[in-house]
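Trainee: I'd like to go through the empty spaces in this protein and then one pair of helices. Can you walk me through them?

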Amino acid sequence: HGLQMWWHQSTIYQIYPRSFADSNADGIGDLPGITSKLEYLKALGVDLLWLSPIFASPMDDNGYDISDYRNIAPEYGSLADFDFLVSEARHRGMGVILDLVVNHTSDEHPWFQQARSSRKNPLHDFYIWREPAIGGGPPNGLTSSFGGSAWTFDPSCGQYYLHLFSRRQPDLNWENPLLRSEIYQMMNWWLDRGISGFRMDVIDYIGKSVDQSIITDGPHLHDYLQEMNHMTFGDRDVVTVGETWSATPGSALLYSGRERHELSMVFQFEHVTQQWDEIYGKWRSRPFDLGKLKSVLSKWQLALADDGWNSLFWGNHDLPRAVSKYGDAKGFPLESAKMLATVLNLLKGTPFIYQGEEIGMTNVPFTKIEQYRDIETLNMHRLHLEAGMSPEEFLKGANENGRDNARTPMQWSDGANAGFTTGIPWIEVNENYTIINAEHAISDEHSIWSHYRKLIRLRKEHRVIVYGRYQSHLESHPDVFAYTRSLDGSLVLVFANFSARQITIELPNELQVTGKCLITNYSDRGELGGSLSMSPYEAFAILAD
Ligand code: TEU
Ligand code: CA
């Protein structure tokens, strides 16, 4: 298993600060709120906390539009609050990972204010400017993820600037070595403050070459990442994970190969995008297909079996809730949430838990566009309706895949506003907080939360779960995901029924074992014979004798 790193057996918990815990009744989550929940996180057993951006920002994209990289957004707290959070987390054996958003800044960043003031300004070249096309209009056809052209004309310097997200998120020009050096200095400033690493926002974009309309995997992308590694975190014992929607198994080996000196791992999204519509993307998703999901997850397990490293996740702040997307939030919420946790967390790689996933939080059934807050949803609502989509159809898409599904307040208790705030929450709380909340979960040994805690501990107790070779089984079965992990004579077998039906499957000889049941969402299993009857969403793991 080559080089063994401590984070190979870690579990990372993602916090969306705006929605996690509000300590001062302004309806917005904040750093002291997170600090007040460290005991909860320690009890769960997670090792690292990835905080979505906490930096000064006009909050056009809830912090993914940064106006000051070296200051905390006032509504989240102060640098002193941050230092206290880091030290309190460390006292409990947990580290803090920050969200590095360096593909773009906010248009309110001083760099952009100077850059746009004149073509002669020394910082003009920190961003990407082009003349209008001949005859006027945007320089080329590049479009923004949040709808419309990726170019906006700035009259103060008479040029267009590039923004692959909102027009208030101008892209930085990574071809400029002065810009890169400013970024590296900022990264070292945070590393010196004791953080445990970075999650890197759309990092596959920083090598873009706009005149060839190349956005991802640009010509110098890996040169920049190797330079960044060398200039900042390379010789520190920290974790780095790149968000790379474009990643393939091949490029993932370039990002995370042991000898590459780039990143620890990347987030790939093939298991997410394989369900999206060709034209309408996430706003018209296709029905769930276990066969496709199994083949994607297996492909990635096999591709990074001997080098590189997988991240493992169902959700994040951009994705729908796992139990609603891949499980059965209505019929079998408990069983299917535990099944999803089991089948993902026993794969090879570092598991990520998105806030609320550990208590089975679900998508939010908003009925009006006014309830939504996410700039992507609001922009795409306007554009899809202009293109003729009905409001009902768009709302269906937003209900299924909109980012706000993951951004409703963390449900701590069955008290007012789910215990998230004593003020008015910035976004509505999901009404099911009275039955789905942390307070109920932590005192129930059969809760989803207790199931996650057991999985996190299993990873620490069994090297075969961390380093065991992955082998898929029953590939053609439409309802069951089965795989084994093997290492130095240890064999773990994992079975998951992704259906709401009682099913019986025939087991080949190599799966007919006796052993110790490591975890289950029904009753213990110790012996597997020729045929296996599984209950709805049943999942279990056996350590063979
Ligand atoms: O997301 C990158 C990104 O591509 C997603 O926004 C994706 O396009 C979208 O969710 C699919 O519909 C990162 C952050 O995770 C996201 O929250 C930010 O909005 C975005 O970058 C810009 O910083
Ligand atoms: Ca607050």
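Mentor: Sure, with one definition up front: Ala, Val, Leu, Ile, Met, Phe, Trp, Tyr, Cys and Pro count as nonpolar, Asp, Glu, Lys and Arg as charged, and the others, Gly among them, as polar. Keep in mind too that this is a predicted model.

Trainee: Then how do the residues lining the largest cavity divide into nonpolar, polar and charged?
Mentor: Start with who is there: the lining includes Leu-297, Trp-300 and Phe-313, along with Gln-268, His-271 and Asn-310. Leu, Trp and Phe are in the nonpolar class, while Gln, His and Asn fall among the polar ones. Going through the whole lining that way gives six nonpolar, five polar and no charged.

Trainee: Which element gives the largest share of that lining?
Mentor: Two elements supply at least two residues each, helix H9 (290–303) and strand S12 (311–312). The largest share is three residues, and it comes from H9.

Trainee: How much space lies in the second largest cavity?
Mentor: The whole structure has five cavities of 30 Å³ or more. The largest of them has a volume of about 90 Å³. For the second largest cavity, the figure is about 60 Å³.

Trainee: And which element gives the largest share of the lining there?
Mentor: Among the residues around the second largest cavity are Val-323, Ala-337, Leu-340 and Ala-341. H10 and H11 are the elements that give two or more residues. With three residues, the largest share belongs to H11.

Trainee: What about pockets: what is the volume of the largest one?
Mentor: Its lining draws at least two residues from each of H10 (322–325), H11 (333–345), H13 (391–401) and H14 (438–442). By class, that lining has 14 nonpolar, 14 polar and seven charged residues. The volume is about 840 Å³.

Trainee: Which of its lining residues are closest to the centre?
Mentor: There are 35 residues in the lining to choose from. The closest to the centre are Val-323, Ser-324, Ala-329, Lys-330 and Thr-362.

Trainee: Now the helix pair: are H12 and H13 roughly parallel or roughly antiparallel?
Mentor: Their axes come within 10 Å and cross at roughly 150 degrees. Angles over 145 count as roughly antiparallel. H12 and H13 are therefore roughly antiparallel.

Trainee: Is their crossing left-handed or right-handed, and which residues of H13 make the contact?
Mentor: The crossing is right-handed. On the H12 side, the contact is made by Thr-377, Met-380, His-381, His-384 and Leu-385. From H13 come Pro-391, Phe-394 and Ala-398.

Notes: Residues are numbered from 1 along each chain as its sequence is written. Chains are lettered from A and ligands numbered from 1 in the order in which they are written. This is a predicted model: local features need pLDDT of at least 70, side-chain atom pairs count only at pLDDT 80 or more; totals for chains, interfaces and linings use all residues. Side-chain values use heavy atoms; hydrogens and water are left out. On a 1 Å grid over the protein atoms alone, a cavity is a set of points where a 1.4 Å probe fits but cannot get out, and a pocket is an open set with protein on both sides within 12 Å along at least five of seven lines; lining residues have an atom within 4 Å of a point. Grid points are joined across faces, edges and corners, and a volume is the space filled by probe spheres set on the points. Helices (H or I, at least four residues) and strands (E, at least two) are DSSP runs, numbered from the N terminus. Axes are lines fitted to C-alpha atoms, for helices over the stretch in contact, and angles run from 0 to 180 degrees between N-to-C directions. Angles under 35 degrees count as roughly parallel, over 145 as roughly antiparallel, 65 to 115 as roughly perpendicular and the rest as oblique. A crossing is left-handed if the near helix is turned anticlockwise from the far one by less than a right angle, and right-handed if clockwise. Contact means heavy atoms within 4.5 Å.
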